[in-house]
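Work through the exercises below with the coordinates open. Each task is followed by a solution in steps.

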Amino acid sequence: GIMNPAMTATWVFGLALVFTPGVVDWSFVWPWVKAGAVLVMTWFHHWLGLRRKEFLAGTNTRSGRTYRMMNEVPTILMLVIVFAVITRF
């Protein structure tokens, strides 16, 4: 119940920061890396929503191993986002 509102709030506040003059310098690499990781995270969020609908319909064809591996994707993306912002390369 909180996933979609949280994602929406994150996008709204993130875009507010992006469009505030002087906050983000797009001449560096880090904002592009962060933006790419955020887009992949958003895609992954929707992919999981589709998988949830498959479970509800009883049409899931993926193994538990697949879901255990996919469980690591948000963590990896979070680390990429945090390190991009901290290092500001």
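## Exercise 1: the first helix pair

Task: Describe how α1 and α2 pack, and state which residues make the contact.

Solution. The model is a predicted one.

Step 1. The angle between α1 and α2 is about 160°, and their axes lie 12 Å apart.

Step 2. Angles over 145 degrees count as roughly antiparallel, so α1 is roughly antiparallel to α2.

Step 3. The crossing of α1 past α2 is left-handed.

Step 4. On the α1 side the contact is formed by Met3, Asn4, Met7 and Trp11, and on the α2 side by Val38, Leu39, Thr42, His45 and His46.

Step 5. Sorted by class, the residues of this contact of α1 with α2 are five nonpolar, four polar and no charged.

## Exercise 2: the second helix pair

Task: Repeat the analysis for α2 and α4.

Solution.

Step 1. α2 and α4 pack at about 160°, with 9 Å between their axes.

Step 2. The cut-off of 145 degrees applies again, and therefore α2 is roughly antiparallel to α4.

Step 3. α2 passes α4 in a crossing that is left-handed.

Step 4. From α2, the residues Trp30, Val33, Lys34, Ala37, Val38, Val40, Met41 and Phe44 take part. They meet Val73, Pro74, Leu77, Met78, Val80, Ile81, Ala84 and Val85 of α4.

Step 5. The class count for the contact of α2 with α4 is 15 nonpolar, no polar and one charged.

## Exercise 3: the largest pocket

Task: Give the volume of the largest pocket and work out what lines it.

Solution.

Step 1. The volume of the largest pocket is about 810 Å³.

Step 2. Its lining has 31 residues, of which Thr10, Trp11, Lys34, Val38 and Ile81 are the closest to the centre.

Step 3. Two or more lining residues come from each of α1 (3-18), α2 (30-57), α3 (64-70) and α4 (73-87).

Step 4. α2 supplies the largest share of this lining, 11 residues.

Step 5. The lining of the largest pocket contains 24 nonpolar, five polar and two charged residues.

## Exercise 4: the second largest pocket

Task: Do the same for the second largest pocket.

Solution.

Step 1. The second largest pocket has a volume of about 280 Å³.

Step 2. Its lining consists of Gly1, Ile2, Met3, Asn4, His45, His46, Leu48, Gly49, Leu50, Arg52 and Lys53.

Step 3. The elements giving two or more residues to this lining are α1 and α2, and α2 gives the most, with seven residues.

Step 4. By class, four nonpolar, five polar and two charged residues line the second largest pocket.

Notes. Residues are numbered from 1 along each chain as its sequence is written. This is a predicted model: local features need pLDDT of at least 70, side-chain atom pairs count only at pLDDT 80 or more; totals for chains, interfaces and linings use all residues. Side-chain values use heavy atoms; hydrogens and water are left out. On a 1 Å grid over the protein atoms alone, a cavity is a set of points where a 1.4 Å probe fits but cannot get out, and a pocket is an open set with protein on both sides within 12 Å along at least five of seven lines; lining residues have an atom within 4 Å of a point. Grid points are joined across faces, edges and corners, and a volume is the space filled by probe spheres set on the points. Helices (H or I, at least four residues) and strands (E, at least two) are DSSP runs, numbered from the N terminus. Ala, Val, Leu, Ile, Met, Phe, Trp, Tyr, Cys and Pro count as nonpolar, Asp, Glu, Lys and Arg as charged, and the others, Gly among them, as polar. Axes are lines fitted to C-alpha atoms, for helices over the stretch in contact, and angles run from 0 to 180 degrees between N-to-C directions. Angles under 35 degrees count as roughly parallel, over 145 as roughly antiparallel, 65 to 115 as roughly perpendicular and the rest as oblique. A crossing is left-handed if the near helix is turned anticlockwise from the far one by less than a right angle, and right-handed if clockwise. Contact means heavy atoms within 4.5 Å.
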